[in-house]
Amino acid sequence: TPNATNTVWSHCQCVLADGVERGIIAVNRMLPGPSIQVCEGDKVVIDVHNMMQGLELTIHWHGIHQRGTQISDGVPFVTQCPIAEGNTFRYQWTANAGTHFWHAHTGLQKLDGVYGSIVVRQPPSLDPNSHLYDYDLTTHVMLLSDWLHEDAQERFPGRLAANQGQDPETLLINGKGQFEDPNTRYRTNTPLEIFTITPGRRYRFRMINSLATVCPAQLTIQGHPLVLIATDGEPVHPVVVNTIISFSGERYDFVITADQPVGAYWIQARGLGECGTKRVQQLAVLRYARGPYQPQAQAPTYDVGLPQGVVLNPLDAICNQPRNDAVCVNQLKNAKAVDEGLLQERPDVKIFLPFRFLFYRPEELFQPHQYNRYLVAPGGGDHVISLVDEISFVFPPAPPISQLEDIPPEQFCNGDNKPANCGRNCECTHKVDIPLNAVVEVVLVDEVQSPNLSHPFHLHGYSFNVVGMGRSPDKNVKKINLKHALDLDRRGLLNRQFNLPPLKDTIAVPNNGYVVFRFRADNPGYWLFHCHFLFHIVIGMNLILHVGTQADLPPIAPGFPTCGDFRPPIEIH
Ligand code: C2O
Ligand code: CU
């Protein structure tokens, strides 16, 4: 509950969020959960003890590559069995440098509070941008999240199509914020997050987009340009922008110079796209040491925001030309050596992944065909699944990493190999096998008709080089689809650029556009590749990139928990 007095700026150890009462799932009684801040190469051991009644979970370490620790990736039924109530699972991994985060990878728990930051620092000599900042403080991590006023399960029950694009009530910055009731105009007086800087110094900020709904978040800091130096844990050639639009799962590191008059300045995070309807935003404060805590300027509102200037990640996705008002992610330049072989050769494996939604009628549930449970009426329906390459992903009954023999082979499928009775609504465990060390190119094609939605896809286990993104160059083509993308590719029109392409692990596919990325498949394992919107994981916007064979994986430790179906012969006495 909100602090009853008016000491809005006091620091509070209890969970206040935006001051509106609701139940949450807390990790170590904190929101966000504890920040893991370690050094590159550190071995990290985390015991996750599940104290939730009747609920299970796993935790994923988003951005940690899990080389040699594939069973610690935290994907239920892919790299482990979910942790049951009362059980403890010990995750162990080696830290690769960068700004990352951890979150529940089960159900909708992330939206109820199960997330926190991971910062893996490295010696300045290893960061090509270390000369650009004086400080990299533990207190300058900026975790953006979205917040509901009810349990996520209540807001997003089942696969109702009406769940699509549901706006959160507000955003939080490091778990803090205020909420203004749109009807009564009553505003809670919970504390806003305050970031303190000292005049004359340069600070590295580490921003993490931990939103779970479909809103892109736009971050702007009054009077302070942002020198972007890294994304998704990987350094880029510095670029000065004024506002950063980020998508669920992305991280952006930037440097701020404390060169303005001593005072307090607004930090504004706005929800964009489908989230514009509720005009959801949140504020925080950039405060100069020994200055006031409260900015002099009027707080920016959703409609009269802070001046935007140069935007990173423009939603129009005009990314094939340099422009003065915006920078696209594919125009960032990798600040580390690029594996040239990856870029010059023809890829060994090329995967086109168109994705779209499919609407169906729930009254046609429970058809007797195992793989054809949702028969689709021609007119659509009020429930929704997502198709990637015409397959809606379902998790297998046990994790293939440890129990491959317990999964019926017909459970798995891919574009060339679908179960015989798979119709327009094919549901199976989409798994693409990739030989170890192959050079892989993935082309994501957004066939979704709804406007305003740019789906951010996240690949576990890797960073990849983004070599192209945009919309169709053909003026008369409004809606891109697989056929058109293949045609563009044949004509060499897929906007590929091989000059220091940036490394990312999460990339938003422009609405009605495409993304092309490449990586060398040198990390064996079962890696989930999925849209990072929470509800879209639930409706099947996932697949597994399976790299190498079982023999390439480290042995499974004795006692690794098992799960799966139990179907003995029926005995009637
Ligand atoms: Cu941050 Cu598989 O997700
Ligand atoms: Cu999506």
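Two strands count as paired if DSSP finds at least two bridges between them. With that in hand, Cys39 can be placed: it stands opposite Arg121 in strand E6. What you have here is a predicted model, so that pair, like the rest of this tour, comes from a prediction.

**The overall picture**

Let's step back and take in the whole protein chain. There are 5 helices in it, along with 32 strands. Its C-alpha trace spans about 80 × 60 × 50 Å along the principal axes. The radius of gyration is 23 Å, which agrees with the value near 25 Å that a compact globule of 573 residues would have. Buried residues account for 49% of the 573 residues. The contacts reach a long way along the sequence, too: take those between residues at least 6 apart, and 78% of them join residues at least 24 apart.

**Two domains**

The domain assignment splits off domain 1 (36-313) and domain 2 (340-552). Their centres, taken over C-alpha atoms, are 26 Å apart. Where they meet, 38 residues of domain 1 are in contact with 37 residues of domain 2. On the domain 1 side of that meeting place you'll find 16 nonpolar, 14 polar and 8 charged residues.

**Two open sheets**

Now for the sheets. One of them is an open sheet of 4 strands, in the order E1-E6-E5-E3 and with mixed pairing. Its edge strands are E1 (36-39) and E3 (59-62), each of which pairs on one side only. Neighbouring strands here are turned by 20 degrees against each other on average, ignoring direction. This is the sheet that holds the Cys39 pair from the opening: E1 and E6 (residues 115-121) run parallel and share 4 bridges.

Another open sheet has 6 strands, ordered E8-E7-E10-E15-E12-E13, again with mixed pairing. E8 (170-173) and E13 (234-241) sit at its edges, and each pairs on one side only. From one strand to the next, the twist averages 25 degrees. Inside this order, E10 and E15 are joined by 7 bridges and run antiparallel. One residue pair to look for is Arg202, which stands opposite Thr257 in E15.

**A strand that is wrapped up**

How many of the 5 residues of strand E11 are buried? The count is 5 of the 5, so E11 (residues 217-221) is largely enclosed by the rest of the structure. In a regular strand, side chains alternate between the two faces of the sheet. In E11 both faces are covered: Ala217, Leu219 and Ile221 are buried on one side, and Gln218 and Thr220 are buried on the other.

E11 also has strand partners. It runs antiparallel to E14 (residues 243-246), with 4 bridges between them, and Leu219 stands opposite Ile244 there. E11 is antiparallel to E16 (residues 264-271) as well, this time over 5 bridges. In E16, Arg270 is the bridge partner of Gln218.

Here are the strand pairs of this tour side by side:

| Strand pair | Direction | Bridges |
|---|---|---|
| E1 and E6 | parallel | 4 bridges |
| E10 and E15 | antiparallel | 7 bridges |
| E11 and E14 | antiparallel | 4 bridges |
| E11 and E16 | antiparallel | 5 bridges |

**Two residues worth a visit**

Start with Pro456, in strand E26 (residues 455-459). Is Pro456 buried or exposed? A residue counts as buried if 20 or more other C-beta atoms lie within 10 Å of its own. Pro456 has 24 other C-beta atoms within 10 Å, so it is buried. Setting aside residues up to four places away in sequence, Pro456 touches Phe247, Ser248, Gly249, Glu250, Thr506, Ile507, Ala508, Cys531 and His532. Pro456 and Ser248 are 208 residues apart in sequence, yet their C-alpha atoms are 6.4 Å apart in space.

Then there is Cys328, in the loop between strand E19 (326-327) and helix H2 (340-344). With 23 other C-beta atoms within 10 Å, Cys328 is buried too. Leaving out residues up to four places away in sequence, Cys328 touches Asn313, Pro314, Cys319 and Met469. From Cys328 to Leu315, which is 13 residues away along the chain, the C-alpha separation is 9.2 Å.

Key:
Residues numbered from 1 in each chain as written. Chains lettered and ligands numbered in written order. Predicted model: local features only at pLDDT ≥ 70, side-chain atom pairs only at ≥ 80, totals over all residues. Domains from an automatic or database assignment. Contact = placed C-beta atoms within 7 Å. Nonpolar A, V, L, I, M, F, W, Y, C, P; charged D, E, K, R; others polar. Axes fitted to C-alpha atoms, helices over the stretch in contact; angles between N-to-C directions. Rg over C-alpha atoms; globule rule 2.2 N^0.38 Å. Buried ≥ 20, exposed ≤ 12 C-beta atoms within 10 Å, placed from the backbone.
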